[in-house]
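Work through the exercises below with the sequence and the coordinates side by side, and try each task before reading its solution.

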Amino acid sequence: MPNLIRFGVSLEKVLLDRFDRLIREKRCPSRSEALRDLIREELVKKEWRAGQEVAGAVILVYNHHRRQLVDKLTDIQHDYHRFIVSSQHVHLSDDDCLEIIAVKGEVSKIRALADRMRAAKGVKYGTVALATTGRNLT
Ligand code: NI
């Protein structure tokens, strides 16, 4: 490989153990290859140009007893109501809720919406899966 650069990474043991488990599950040949895949994946996401339309889902798991969090998540969804196609709420357990929010719109708006929801204090798990619709909105 041309211009191959080695660098050290510091990680908590727990995180590294989980990463190694993930690598085995994905049958990835090495940590280096797994890391390269992750970096490429992130770069592809960033490469989506402003103005491009995307559609997908924001997925959240949170404790509904945290009323401030529930209010906050609702406020965010109202701020971005034009970009939310539908949402599904599942009561997972006595404490936890799963919310799947279908979204569609200009990529930077959708990213901002997803980032705000995932960053809300108390969200236990948050992820976003997006695909381009092939349309450009500019
Ligand atoms: Ni619920």
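**Exercise 1. Establish the order of the strands in the sheet, and decide which strands stand at its edges.**

Solution. In this predicted model, four strands make up an open sheet whose order is β2-β3-β1-β4, with antiparallel pairing. Reading that order from its ends, one finds β2 (84-91) and β4 (123-136) at the edges, and because each has a single partner strand, one side of each is left without a neighbour in the sheet. Neighbouring strands are turned against each other by 10° on average, when direction is ignored.

**Exercise 2. Find which helices pack on the sheet, and state how they run.**

Solution. Begin with helix α3 (residues 67-79), which packs on the sheet and touches β1 (52-63), β2, β3 and β4, its direction making about 170° with that of β1. Then turn to helix α4 (residues 107-119), which lies across β1, β2, β3 and β4 and runs at about 165° to β3.

**Exercise 3. Describe how β2 pairs with β3, and name the residue opposite H89.**

Solution. The strands β2 and β3 (residues 96-106) are joined in the antiparallel sense over seven bridges. Within β3, the residue that stands opposite H89 is E99.

**Exercise 4. Identify the elements that build the largest nonpolar core, and trace the contacts of L73.**

Solution. The largest nonpolar core has 24 residues, of which V58, L60, L73, V103 and M117 touch the most other members. Two or more residues come from each of β1, α3, β3, α4 and β4, and α4 gives the most, with five residues. Once neighbours within four places in sequence are set aside, L73 is in contact with L60, Y62, M117, A120 and V123.

Definitions and conventions: Residues are numbered from 1 along each chain as its sequence is written. This is a predicted model: local features need pLDDT of at least 70, side-chain atom pairs count only at pLDDT 80 or more; totals for chains, interfaces and linings use all residues. Side-chain values use heavy atoms; hydrogens and water are left out. Two strands pair if DSSP finds at least two bridges between them. Axes are lines fitted to C-alpha atoms, for helices over the stretch in contact, and angles run from 0 to 180 degrees between N-to-C directions. Contact means heavy atoms within 4.5 Å. A nonpolar core is a set of buried Ala, Val, Leu, Ile, Met, Phe, Trp, Tyr and Cys residues joined through side-chain atoms within 4.5 Å. Buried means under 20% relative accessible area, exposed over 50%, partly exposed in between (1.4 Å probe, protein chains only).
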